[in-house]
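Visitor: Please take a close look at one part of this model, the pocket, and then at the charged side chains.

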Amino acid sequence: LNSGVPVSVVWGAADATCDPAVARALAAALPGALSHEVPEAGHRMSDPRLAPALRAAARDWALRCRDSN
């Protein structure tokens with residue numbers, strides 16, 4: 001699978017909803033994907049440990065989209 005669209009996978013290491021091993025496998029299966037595992041963070045976007053990583057991943061994703069055109 002290579003759509004040419006930049007992908008970032010962000011997950012919390014303590015996520016009880018989506019096993020971190022699944023997130024790692026997803027990131028590994030997507031060519032060029034960036035992966036970000038956040039220590040001690042859970043599943044919710046409102047987790048204060050996860051929010052900075054989500055913001056950074058969104059910023060990096062937008063820059064990668066801009067630079068790929």
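Guide: What follows begins with the overall layout, moves to the pocket and ends with the charged residues.

The model is predicted. The protein has two helices and two strands, and from the N terminus on these run β-α-β-α. Along the principal axes, the C-alpha atoms fill a box of roughly 35 × 25 × 15 Å. Of the 69 residues in the protein, 28% are buried.

The largest pocket holds about 150 Å³ of space. Its lining is made up of 13 residues, and those closest to the centre are Val10, Trp11, Asp15, Cys18 and His43. Two elements give two or more residues to this lining, namely strand S1 (8–12) and helix H1 (20–29). Strand S1 supplies the largest share, with four residues. Sorted by class, the lining of the largest pocket contains nine nonpolar, three polar and one charged residues.

Asp15, listed among the residues closest to the pocket centre, deserves a separate description. Aspartate 15 sits in the loop between S1 and H1. Aspartate 15 is buried and has no salt bridge. The nearest side chain of opposite charge belongs to arginine 44, at a distance of 9.5 Å. A salt bridge requires a side-chain nitrogen of Lys or Arg within 4 Å of a carboxyl oxygen of Asp or Glu. What does lie at short range is backbone: a polar atom of the aspartate 15 side chain is 2.7 Å from the backbone nitrogen of threonine 17.

Other charged residues are paired. Side chains of opposite charge can pair when their charged atoms come close. There are four salt bridges in the structure, and three of them are described here.

One joins glutamate 37 to arginine 24, with the closest N and O atoms 2.9 Å apart. Glutamate 37 belongs to strand S2 and arginine 24 to helix H1, so this pair ties together parts that are 13 residues apart in sequence. Both partners fall in the partly exposed class, because the relative accessible area is 36% for glutamate 37 and 40% for arginine 24, and that class lies between the cut-offs of 20% and 50%.

Another salt bridge brings together the side chains of arginine 49 and aspartate 47, at 3.1 Å from N to O. Arginine 49 is located in the loop between strand S2 (34–38) and helix H2 (51–68). The two partners differ in burial: arginine 49 counts as partly exposed at 45% relative accessibility, whereas aspartate 47 is buried, with a relative accessible area of 9%. Aspartate 47 is thus a buried residue that has a salt bridge, while aspartate 15 is a buried residue without one. Arginine 49 can also be placed relative to aspartate 19: the two are 30 residues apart along the chain, and their C-alpha atoms are separated by 17 Å.

A further salt bridge links arginine 66 and aspartate 67, whose closest N and O atoms are 3.0 Å apart. Here both side chains belong to exposed residues, because arginine 66 has 55% relative accessibility and aspartate 67 has 54%, and exposed means over 50%.

How values were computed
Residues are numbered from 1 along each chain as its sequence is written. This is a predicted model: local features need pLDDT of at least 70, side-chain atom pairs count only at pLDDT 80 or more; totals for chains, interfaces and linings use all residues. Side-chain values use heavy atoms; hydrogens and water are left out. On a 1 Å grid over the protein atoms alone, a cavity is a set of points where a 1.4 Å probe fits but cannot get out, and a pocket is an open set with protein on both sides within 12 Å along at least five of seven lines; lining residues have an atom within 4 Å of a point. Grid points are joined across faces, edges and corners, and a volume is the space filled by probe spheres set on the points. Ala, Val, Leu, Ile, Met, Phe, Trp, Tyr, Cys and Pro count as nonpolar, Asp, Glu, Lys and Arg as charged, and the others, Gly among them, as polar. Buried means under 20% relative accessible area, exposed over 50%, partly exposed in between (1.4 Å probe, protein chains only). Lys and Arg count as positive and Asp and Glu as negative; His and the chain ends are not counted. A polar contact is a pair of N or O atoms within 3.5 Å; within protein, one must be able to donate a hydrogen and the other to accept it, and residues adjacent in sequence count only if both atoms are side-chain atoms.
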